[in-house]
Structure formats: structure tokens, C-alpha cells
Amino acid sequence: MSIIGKPVLYSYWRSSCSWRVRIALNLKEIPYDIKPVSLVKGGGEQHCNEFREINPMEQVPALQIDGHTLIESLNIMHYLEETRPQRALMPQDVHKRAKVREICEVIATGVQPLQNLTVLIYVGEEKKKEWAQHWITRGLRAVEKLLSSCAGKYCVGDELTLADCCLVPQVFNARRFHVDLRPFPITLRIDRELENHPAFRAAHPSSQPDCPPEATK
């Protein structure tokens with residue numbers, strides 16, 4: 001049951017969907033607590049009855065905020081933008097807003113779902129790396145093309161947006177699966193620009209309470 005008070009984010013340290021929400025919360029300077037949900041322990045805590053009541057899709061993230069429980073990362077980020085417009089993460093210009101949505105959608109619906117844990121388990125250990133490399137490369141090729149017409153210092157112009165929240169975790173996933181990133185210079189430049197930003201550093205998997213000690217070495 002949702003309670004009104006400090007927001008609670010159900011998160012997994014390496015989940016890129018959780019990660020992008022953590023970035024948005026940090027950029028908007030919204031204090032929140034993290035309730036870790038292991039996607040691997042005991043077959044995955046996201047499948048237990050208690051968590052299924054929170055998110056019937058049995059996925060992270062879920063955010064309890066304002067007396068409501070929200071699921072799906074893009075939905076959560078847009079809710080934060082609509083209810084807490086200070087430190088805006090969407091441009092005022094309607095065309096720039098469309099570009100932000102395009103980049104977010106390509107990553108969040110066209111790339112990440114094809115290389116998430118559930119799909120990789122189904123694909124199998126022998127083929128999962130090749131599978132992930134194929135779909136991540138395909139998606140980043142599209143992102144790079146979009147960035148070529150709208151990037152400034154960041155993904156869309158010179159102000160941070162929701163697109164940046166989505167980009168950084170996806171680049172991390174690309175490196176995790178040893179994707180050749182040399183064909184994506186704009187993507188890499190923006191990722192480097194953001195790697196030391198305080199909000200992004202605080203959201204990084206290595207900064208999460210459920211990050212295994214061996215993952216930080």
C-alpha cells in the first residue's frame with residue numbers, strides 16, 4: 001500500500017530502468033529512499049507475491065510517491081516532470097520536446113527491453129552476448145543519427161533532459177556487452193560529459209546500497 005511521505009523507489013542496482021529514474025530524481029533534487037529488489041536472488045525477488053502487488057509486471061522500477069504507486073520508468077519520469085516542474089527535464093520548445101521523447105522511446109522501448117535479464121535468460125547463455133550486441137548496436141545507431149541533428153552539450157541542446165537520463169545507462173549496458181562504440185562519437189562525448197555530474201554519479205550502480213562489493217573493484 002502506498003503511503004504519503006518520502007518517496008520510495010523499488011530498484012535494482014544494475015537495472016537501467018531503475019537507473020534512469022534515479023538520475024531524474026537526483027537532478028530534480030527529490031529526496032527518496034531505495035528499497036532494493038534483487039532480480040537474481042532466489043530466482044528473482046520481483047516474482048514474489050508481495051512485489052507482484054506493487055508491480056504486476058514483476059519488474060523494477062516502481063515508485064511510491066504522493067500516495068500512489070507508479071510503474072514503468074518513462075511514466076515515472078514524466079510524472080516527476082509534471083508534478084515537480086522545477087529543474088525542468090523537458091525543453092519548452094515543442095520540437096525539442098519531441099526530440100527528447102524520440103531518444104527516450106528508442107532507448108526505453110526499442111533497445112533496453114531486448115537486452116534485459118528476462119529476455120537474455122530466454123535466449124540462453126551461449127547466444128546472449130551476440131544477441132545483446134546486435135540489438136544495442138542497432139539502437140545506438142538510431143540514437144546517434146538523432147543526436148546528429150539535435151545534440152549540443154547534452155542530448156538535446158545544452159540543457160539536461162530526460163534523454164540524458166536514458167542515454168547514460170544504455171551506454172553502460174553497451175560496454176557491459178562489449179559493443180564497439182567507436183561508430184557513435186556523439187553518444188560517447190555526451191556520456192563522458194555526464195560521467196562526473198553529481199546526480200549521475202549518485203545514481204550509478206556502484207553507488208547503490210545493493211551493489212555487490214566485487215562489482216566496485
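In this predicted model, the centres of domain 1 and domain 2, taken over C-alpha atoms, are separated by 20 Å. Domain 1 spans residues 8-85 and domain 2 spans residues 92-199, with bounds that come from an automatic or database domain assignment. Between the two domains, contact (heavy atoms within 4.5 Å) involves 14 residues from domain 1 and 18 residues from domain 2. Residues are numbered from 1 along each chain as its sequence is written, and side-chain values use heavy atoms, with hydrogens and water left out. Local features require pLDDT of at least 70 and side-chain atom pairs count only at pLDDT 80 or more, whereas totals for chains, interfaces and linings use all residues.

About 1,600 Å² is buried between domain 1 and domain 2, and carbon and sulfur atoms give 74% of this area. Buried area is the accessible area (1.4 Å probe) that two parts lose on being put together, summed over both. On the side of domain 1, the most area is lost to domain 2 by Arg14, Trp19 and Arg20, which together account for 33% of what that side buries.

Zero salt bridges are found across the interface of domain 1 and domain 2 (side-chain nitrogen of Lys or Arg within 4 Å of a carboxyl oxygen of Asp or Glu). Two residue pairs, both at pLDDT 80 or more, are in polar contact across this interface (a pair of N or O atoms within 3.5 Å; within protein, one must be able to donate a hydrogen and the other to accept it, and residues adjacent in sequence count only if both atoms are side-chain atoms).
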